[in-house]
Amino acid sequence: MSTTTNSLSAAWGSSPVGRIAAPLREQVISALREAILDFRLKPGQRLVERELIEQLGVSRTTVREALRELTSEGLVTVVPQKGAIVAAPTPDEAHDLYEARAALESLVVQRFAERATKSQVIRLSSAAEAFAETAGLQSEASAILAAKDVFYDVLIEGASSTVLQQLTETIQARLRVLRGTAMSTEGHSSAAEELRSIVAAVEAGDGKLAAERYEAHIRRAGANALRSLQEAKASD
């Protein structure tokens with residue numbers, strides 16, 4: 001993926017941290033994490049300490065602590081001679097992450113089918129239809145991704161598994177930029193129909209089939225994202 005030399009100031013619409021709601025270190029981590037996940041800080045972009053200190057109005061120590069935390073989450077990478085940059089998964093890393101995501105999230109769907117209430121199943125169906133509507137409007141990738149996140153949020157709520165939630169959210173954070181790429185390149189009508197077919201299997205009480213369909217859906221999205229990643233690498 002290509003890098004950018006834009007100033008970090010473009011990532012902040014206003015001061016992203018205060019000194020009331022949460023410890024300052026946590027506010028800085030949250031502000032940087034959100035800027036990365038919302039694509040305001042681009043993959044490969046350098047995170048210059050001096051600029052971050054000026055933009056966030058915090059100490060060097062706080063910035064370094066925040067970057068260490070985001071490095072542990074896989075959102076930031078430290079490159080020799082360059083310093084900290086926004087992480088951009090390699091094709092091999094992305095392949096492994098998508099494999100892990102497919103396995104874990106298919107289990108989430110299985111648990112949802114076993115544990116979800118009727119109202120949660122109805123909400124899942126509504127989320128699938130909302131995704132189809134958003135995708136049909138040719139919305140930006142971020143809006144389509146947000147609609148897909150609602151579908152996932154209902155799934156994880158109905159699955160009632162803190163363990164699965166923690167594991168899948170860690171993987172999703174590392175794949176966020178590639179998920180956006182997949183959303184911008186995949187056939188949205190196909191994705192919408194896949195979500196509807198998953199809901200149909202859940203409504204029929206067939207958790208195994210729902211899980212299999214979800215796994216196939218993730219693998220297809222992963223193949224699209226990897227193809228885009230490889231094309232971007234080839235054009236660098």
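A salt bridge here is a side-chain nitrogen of Lys or Arg within 4 Å of a carboxyl oxygen of Asp or Glu. Keep that in mind for the first exercise.

The model is predicted, with local features needing pLDDT of at least 70 and side-chain atom pairs counting only at pLDDT 80 or more, while totals for chains, interfaces and linings use all residues. Residues are numbered from 1 along each chain as its sequence is written, and side-chain values use heavy atoms, leaving out hydrogens and water.

**Exercise 1. Salt bridges**

Task: Work out which parts of the chain are joined by the salt bridges of Glu 114, Arg 123 and Arg 196.

Solution:
- Step 1. Start with Glu 114, whose side chain meets that of Arg 111 in a salt bridge at 3.3 Å, N to O. Both sit in helix H4, three residues apart, or about one turn of the helix. (Helices are DSSP runs of H or I with at least four residues, strands are runs of E with at least two, and both are numbered from the N terminus.) An α-helix has 3.6 residues a turn, so residues three or four places apart point the same way.
- Step 2. Check how open this pair is. We call a residue buried under 20% relative accessible area, exposed over 50%, and partly exposed in between, using a 1.4 Å probe and protein chains only. Glu 114 has 49% relative accessibility, so it counts as partly exposed. Arg 111 is partly exposed too, at 24%.
- Step 3. Now take Arg 123, which forms a salt bridge with Glu 157 (2.8 Å, N to O). This pair links distant parts of the chain, with Arg 123 in helix H5 and Glu 157 in helix H6, 34 residues apart.
- Step 4. Finish with Arg 196 and Glu 129, whose side chains meet at 2.9 Å, N to O. Arg 196 is in helix H8 and Glu 129 in helix H5, so this salt bridge ties together parts 67 residues apart in sequence.
- Step 5. Put these in context: the whole structure has 13 salt bridges, and Arg 25, Glu 26 and Glu 65 are linked in a network of them.

**Exercise 2. Helix H6 and the cores**

Task: Describe helix H6 and find which residues touch the most other members of the largest nonpolar core.

Solution:
- Step 1. Look at the length. H6 covers residues 141-159, 19 in total, and reaches 27 Å from its first C-alpha to its last, close to the 27 Å expected. That expectation is 1.5 Å times one less than the number of residues.
- Step 2. Look for buried residues in H6; among them are Ile 144, Leu 145, Phe 151, Tyr 152 and Leu 155. Asp 149 also belongs to H6, and its 13% relative accessibility is why it counts as buried.
- Step 3. See what surrounds Asp 149. Leaving aside neighbours within four places in sequence, Asp 149 is in contact (heavy atoms within 4.5 Å) with Arg 176 and Arg 179.
- Step 4. Turn to the core. A nonpolar core is a set of buried Ala, Val, Leu, Ile, Met, Phe, Trp, Tyr and Cys residues joined through side-chain atoms within 4.5 Å. The largest has 40 residues, and Phe 131, Phe 151, Leu 155 and Tyr 214 touch the most other members. Helices H4, H5, H6, H7, H8 and H9 are the elements giving two or more residues to this core.
- Step 5. Don't miss the second, separate core of 21 residues, which includes Val 28, Val 63, Val 76 and Ala 173.

**Exercise 3. Two positive phi values**

Task: Locate Gln 81 and Ser 160, and give the phi of each.

Solution:
- Step 1. Find the strands. S1 (residues 76-79) and S2 (residues 83-86) pair in the antiparallel sense over four bridges; pairing calls for at least two bridges found by DSSP. Val 76 has Val 86 as its bridge partner in S2.
- Step 2. Go to the loop between S1 and S2, where Gln 81 lies. Gln 81 has a positive phi of about 75 degrees, although it is not a glycine. With a relative accessible area of 84%, Gln 81 is exposed.
- Step 3. Move to the loop between H6 and H7 for Ser 160. Its phi is near 55 degrees, again positive in a residue other than glycine.
- Step 4. Compare with the usual picture: most residues other than glycine have a negative phi.

**Exercise 4. Confidence**

Task: Decide where the pLDDT stays under 50.

Solution:
- Step 1. Take the overall picture. Mean pLDDT, the predictor's confidence in each residue from 0 to 100, is 86 for the chain, and 84% of residues reach 70 or more.
- Step 2. Pick out the stretch: pLDDT stays under 50 over residues 1-5. Where pLDDT is low, the predicted coordinates should not be read in detail.
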